[in-house]
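Trainee: Could you take me through one part of this predicted model in detail? I'd like to look closely at a place where two helices meet, and then at what lies around it.

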Amino acid sequence: MPKTELDRIAYRKLLPTDHPAFEAHLLALDPESRRARFGMAANDTFLEQYATRCITLNAIIHGAFLDNRMIGAAELRPLGELFTAEAEIAFSVEADWRNCGIGTALFARTLRSARNRSFVRLYMSCLRHNAPMRALARKFAAEILVELDESVALVEAPRRTIISLLREAIDDAAARSSGHGWEWSRLWLPRRPVARPVSRVG
Ligand SMILES: CC(C)(COP(=O)(O)OP(=O)(O)OC[C@H]1O[C@@H](n2cnc3c(N)ncnc32)[C@H](O)[C@@H]1OP(=O)(O)O)[C@@H](O)C(=O)NCCC(=O)NCCS
């Protein structure tokens with residue numbers, strides 16, 4: 001992918017108005033990617049309902065956008081009750097845009113959002129033969145604990161720091177100044193004291 005194209009990619013959290021872009025992104029996934037993403041076969045009806053549910057659920061979804069087209073998505077969804085420390089994460093990148101770092105950028109942002117909301121354990125469906133996702137997760141192994149088994153990856157997120165909070169706030173402000181970026185899922189207020197910086201994951 002030419003670098004000039006990569007430079008045009010914007011990362012931001014999704015707004016409710018991004019529902020059509022999110023749905024189109026999911027529907028564009030081929031059957032194998034759908035199976036890798038959801039851990040099962042997913043037909044169009046399932047994906048349409050899923051996209052609608054996501055917009056109404058308490059998920060934080062980061063998107064990679066090229067102009068108005070969504071080419072990558074990273075979902076962070078709490079598991080269980082309101083003050084749970086566990087969440088599910090999931091990633092998808094449009095086939096033509098893979099292996100150029102978009103998944104890595106989305107993973108870093110999702111990890112930062114998770115730590116800033118005090119999620120400690122993150123689960124990800126990751127089939128044994130999903131080499132790209134396993135390679136991606138391992139990239140972060142120096143900074144976080146990543147445990148991969150046959151079909152699920154467990155990621156232990158570090159504690160939030162002033163720096164991780166500031167970085168997320170700065171990114172959100174940058175998205176807002178470009179006309180986007182209202183974080184519509186504000187359920188997770190700080191629940192733990194802010195820690196001193198201990199990790200290189202910003
Ligand atoms: C997994 C996925 C999100 C990765 O997105 P991406 O934008 O291609 O990710 P990146 O480019 O940041 O990183 C991918 C890494 O995997 C590596 N990789 C790709 N294919 C590989 C293979 N067959 N074996 C080993 N490593 C591989 C790439 O080289 C790259 O590492 P590098 O940056 O060190 O070169 C994308 O492949 C995808 O959408 N897959 C379908 C859905 C899915 O599997 N989701 C994960 C489960 S929720």
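**A close look at H2 against H4**

Mentor: Happy to, and let's start with one cysteine: Cys54 counts as buried because its relative accessibility is 1%, below the 20% cut-off. Cys54 belongs to the part of H4 that meets H2, so let's look at that pair of helices next. H2 covers residues 19–27 and H4 covers residues 44–56; their axes come within 9 Å and cross at roughly 145°. The crossing is right-handed.

On the H2 side, the contact is made by His19, Phe22, Glu23, Leu26 and Leu27. Facing them from H4 are Asp44, Leu47, Glu48, Tyr50, Ala51, Thr52, Cys54 and Ile55. By class, this contact of H2 with H4 holds eight nonpolar, two polar and three charged residues. The polar pair is His19 and Thr52, while the charged residues are Glu23, Asp44 and Glu48.

Now back to the cysteines. Cys100 counts as partly exposed because its relative accessibility is 23%, above the 20% that bounds the buried class. As for disulfides, a pair of cysteine sulfur atoms would have to lie within 2.5 Å, and by that rule the count is zero.

Finally, follow the chain on from H2. Asp30 sits in the loop between H2 and helix H3 (31–38), and counts as partly exposed because its relative accessibility is 34%. Asp30 also has a partner far along the sequence to look at: Ala95 is 65 residues away in sequence, yet the two C-alpha atoms are 8.4 Å apart in space.

Notes:
Residues are numbered from 1 along each chain as its sequence is written. This is a predicted model: local features need pLDDT of at least 70, side-chain atom pairs count only at pLDDT 80 or more; totals for chains, interfaces and linings use all residues. Side-chain values use heavy atoms; hydrogens and water are left out. Buried means under 20% relative accessible area, exposed over 50%, partly exposed in between (1.4 Å probe, protein chains only). Axes are lines fitted to C-alpha atoms, for helices over the stretch in contact, and angles run from 0 to 180 degrees between N-to-C directions. Helices (H or I, at least four residues) and strands (E, at least two) are DSSP runs, numbered from the N terminus. A crossing is left-handed if the near helix is turned anticlockwise from the far one by less than a right angle, and right-handed if clockwise. Contact means heavy atoms within 4.5 Å.
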